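Work through the exercises below with the model open beside you. Each task is followed by a stepwise solution.

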Amino acid sequence: MSFKHKKKFGQNFLTNQDEVLNKIIEVSNVNKSDSILEIGPGEGALTGYLLDIVNDVTCVEIDSDLEKILLRKYGDRENFKLIMQDILKIDFDKEINKKVKVVANIPYYITSPIINKLIENKKYVDEIYIMVQKEVAERICSKSGKERSVLTLSVEYFGEAEYLFTIPKEYFTPIPKVDSAFMSIKLYNDNRYLNKVDEKTFFKFVKATFSNKRKNIVNNLKTLGYSREIIEKNLEKLSLSKNLRAENLSIDNFIDLITLFKNGEANV
Ligand code: SAM
């Protein structure tokens, strides 16, 4: 019986791709004592590698047609647990309820919702190793320049992202339109930025600063009601040029700048 891949579930599988799968295992720093969460095991290409190494692998798969295939392959392994569900609907408190390392070739159509879901549940997740569309990995992991966006900052606020390696589209079955990349996000367990600026304020400023990518920071921040004078004064205090654009600011620049605005709220 051959499996029919479903586009709607982003099903591009790493079938018979030992080289890529070995590399995933190597860079994901997988240890015997880890509990792994694999999102979207598909036909279990990566799952088999994980099960051979670690004590505990939990897989979450949405497509009921894959249940039998996965259970036939791995159902008798003691370290294998399969949850047939939409990852976005999983209640981590009830169904995961332990510290996990995520290692997965995720469905690309819900990349941002999956990352958000994992960040929301960061008390259970500290390291994320995922395969995503190459352009998305480049945007998330960009340290400076045009590729930086609200998405980059929304990951940097919670953890450190790193681009690990590229996987050409020909490695997948069926072959997708885009190349892929494997990347990591190591979530901070000290809430280093959250402790300085709360989430709501951080995103309000970041979204405003990026609201028009061609405009400089001063013009974009004016949309929040601050005067040009106050904005320029705060930038000067941090030795930042008034001609910079959002893409030129690091997460630390954002945190420092927002802190200055917050401290001088009365000056709006
Ligand atoms: N890990 C396999 C591999 O590398 O060969 C399959 C990866 S494929 C890109 C993505 C997998 O995620 C598919 O098995 C798909 O059915 C599953 N999937 C799609 N949407 C999902 C969701 N909302 N929750 C859980 N799994 C999902």
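A polar contact is a pair of N or O atoms within 3.5 Å; within protein, one atom must be able to donate a hydrogen and the other to accept it, and residues adjacent in sequence count only if both atoms are side-chain atoms. The model is predicted, so local features need pLDDT of at least 70, side-chain atom pairs count only at pLDDT 80 or more, and totals for chains, interfaces and linings use all residues. Residues are numbered from 1 along each chain as its sequence is written, and side-chain values use heavy atoms, with hydrogens and water left out.

**Exercise 1. Find the polar contacts of the ligand nitrogen atoms with Ile62, Asp86 and Tyr109.**

Step 1. Start with the backbone. A polar backbone atom of Ile62 is 3.4 Å from a nitrogen atom of the ligand.

Step 2. Turn to side chains. An N or O atom in the side chain of Asp86 lies 2.8 Å from a ligand nitrogen. For the side chain of Tyr109, the distance from an N or O atom to a ligand nitrogen is 2.8 Å.

Step 3. Check the cover. On its own the ligand has 600 Å² of accessible area, and the protein covers 99% of that. These areas come from the Shrake-Rupley method with a 1.4 Å probe; for residues, only the protein chains shown count as cover.

**Exercise 2. Describe the shell around the ligand.**

Step 1. Count the residues. There are 23 around the ligand, where near means a heavy atom within 4 Å.

Step 2. Pick out the nearest. They are Leu14, Gly40, Glu61, Asn105 and Tyr109.

Step 3. Sort by type. The shell holds twelve nonpolar, seven polar and four charged residues. Nonpolar covers Ala, Val, Leu, Ile, Met, Phe, Trp, Tyr, Cys and Pro; charged covers Asp, Glu, Lys and Arg; the others, Gly among them, are polar.

**Exercise 3. Is Asp34 buried or exposed?**

Step 1. Locate the residue. Asp34 sits in the loop between helix H1 (18–27) and strand S1 (35–39). Helices (H or I, at least four residues) and strands (E, at least two) are DSSP runs, numbered from the N terminus.

Step 2. Apply the cut-offs. Buried means under 20% relative accessible area, exposed over 50%, partly exposed in between (1.4 Å probe, protein chains only). Asp34 has 14% relative accessibility, so Asp34 is buried.

Step 3. Look for a partner. The Asp34 side chain reaches the backbone nitrogen of Asn31 at 2.8 Å.

**Exercise 4. Classify Ser112 in the same way.**

Step 1. Ser112 belongs to helix H5 (residues 111–120).

Step 2. Its relative accessible area is 31%, so Ser112 is partly exposed.
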